[in-house]
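Hi,

Here is the structure for you to look at. My notes on the aromatic rings follow below.

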Amino acid sequence: MAGNDKVYDIRGTSEYSKLQDYTSYKPAEVGTFSISEDGNFINCNKAKIPTLKPFKLPLNLNEGYNPNAVDRSRETSFPQWEKGLKWIHGSKGGYHSLSDVDVITQRGVLKDIGYTNHNYYKNPWKFQACKFKGKMYIKKFDEEEQNWDAWCLKNSYWGKKFEELIMEQESGTKATYNMLKGKIGNRNCLLSAEVDAVTIEGKHMEVKTCFANKLTSKIPLAWLQSHLGKVDVLYYGLKDKQGKISSKPTEISMDQVAGRYVKAYEANAMIGFLGDVIDWMYTALPDADETWVLEYKKGARQISLKCNKEKFLPSWYLQFIEGTKEDDLVRQVEALTLTHPIG
């Protein structure tokens, strides 16, 4: 490895299963925000989380599909990864929640890292990271979906179409997220996690599509994603290869997954591995506003950290955390309205 590059050696699954009991990760909800249809950030409450609506079977997930269309469903007036930073900037709770936070990231990042040792296909992943003023930030690359093939793009459309057909989204809202705080390894993590829907009883749901014969093999990754995001129920639409769902969706309580679909030692190993990597990164990264690329190559037994010297944090966020005295900062945050889009 060149220069100041860092390397993490991946060990056997059994070693990680001893590091952290998965049940010890109990994230607290510290805030909620939405992204409007025009891509703006809106600090809000749980009322904006989608609910299930009546629907009739069969469902045709190909409705409206155009293979040449550009997917703009996730576009915002700011880079995707900055959602959590916008919440910190615009919320009194977000500001106070930073005092004991070590890591600020996205649920999807933690999911991919934590599943590395359990991924049958050993799929590669690559993220960007930085540690500044004692806080470590980890984010996805903005262009991560550009290399998807036609089949992946169609399946992605099917997943979004399923949500559209079964969920009631509040007018003007594109997506709703929870901000969660929980301890992984030795670090307190603050992460943004999209909430697909809530049940009548207020339980959070992870809504997905899946081929019926693949359900059992898909659940471990969905469990990790949902465990990190404090989800209560997995809700699967079982599709065929033509993109049609003919049977009632399958509901699986997260309480039933560990032990039935995911062995306890496997669940422990995923969380243990994730915590160990986070601890290693936090120690390895220098405290400076510079970008480090965190990468796992397909089938490798190592994870690398390489510095590319580019600035990491957006200028508006740097001004927010650097340019204001603490007392003034508190007053500014308290003065912000909860529904004012921050652009």
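Tyrosine 317 and phenylalanine 320 are both buried. Please keep in mind that this is a predicted model.

These two residues share helix α9 (residues 315-322). They sit 3 residues apart, about one turn of the helix. Their ring centres are 6.3 Å apart and the planes meet at 40°. That angle is neither under 30 degrees nor over 60, so the pair counts as tilted.

Tyr317 and Phe320 also belong to a cluster linked by ring pairs. The other members are Trp81, Tyr137, Phe312 and Trp316. One of these rings has a charge over it: lysine 139 lies over the face of phenylalanine 312, 5.4 Å from the ring centre.

Across the whole structure, the search finds 18 aromatic pairs. Another of them joins tryptophan 151 and phenylalanine 211. Here the centres are 6.1 Å apart and the planes are at 0°, so this pair is stacked.

What does the stacked pair tie together? Tryptophan 151 is in helix α5 (residues 150-166), while phenylalanine 211 is in strand β13 (residues 204-211). The pair therefore ties together parts that are 60 residues apart in sequence.

Are the two partners buried or exposed? Tryptophan 151 is partly exposed, at 42% relative accessible area. Phenylalanine 211 has 18% relative accessibility. The cut-off for buried is under 20%, so phenylalanine 211 counts as buried.

Phenylalanine 211 has a charged neighbour too. The charged end of lysine 239 sits over its ring, 4.8 Å from the centre.

Best wishes

Key: Residues numbered from 1 in each chain as written. Predicted model: local features only at pLDDT ≥ 70, side-chain atom pairs only at ≥ 80, totals over all residues. Heavy atoms only, no water. Phe/Tyr/Trp six-rings, centres within 6.5 Å; stacked < 30°, edge-to-face > 60°. Helix = DSSP H or I, 4+ residues; strand = E, 2+ residues; numbered from the N terminus. Buried < 20%, exposed > 50% of the residue type's maximum accessible area, 1.4 Å probe, protein only. Lys NZ or Arg CZ within 6 Å of the ring centre and 35° of its normal.
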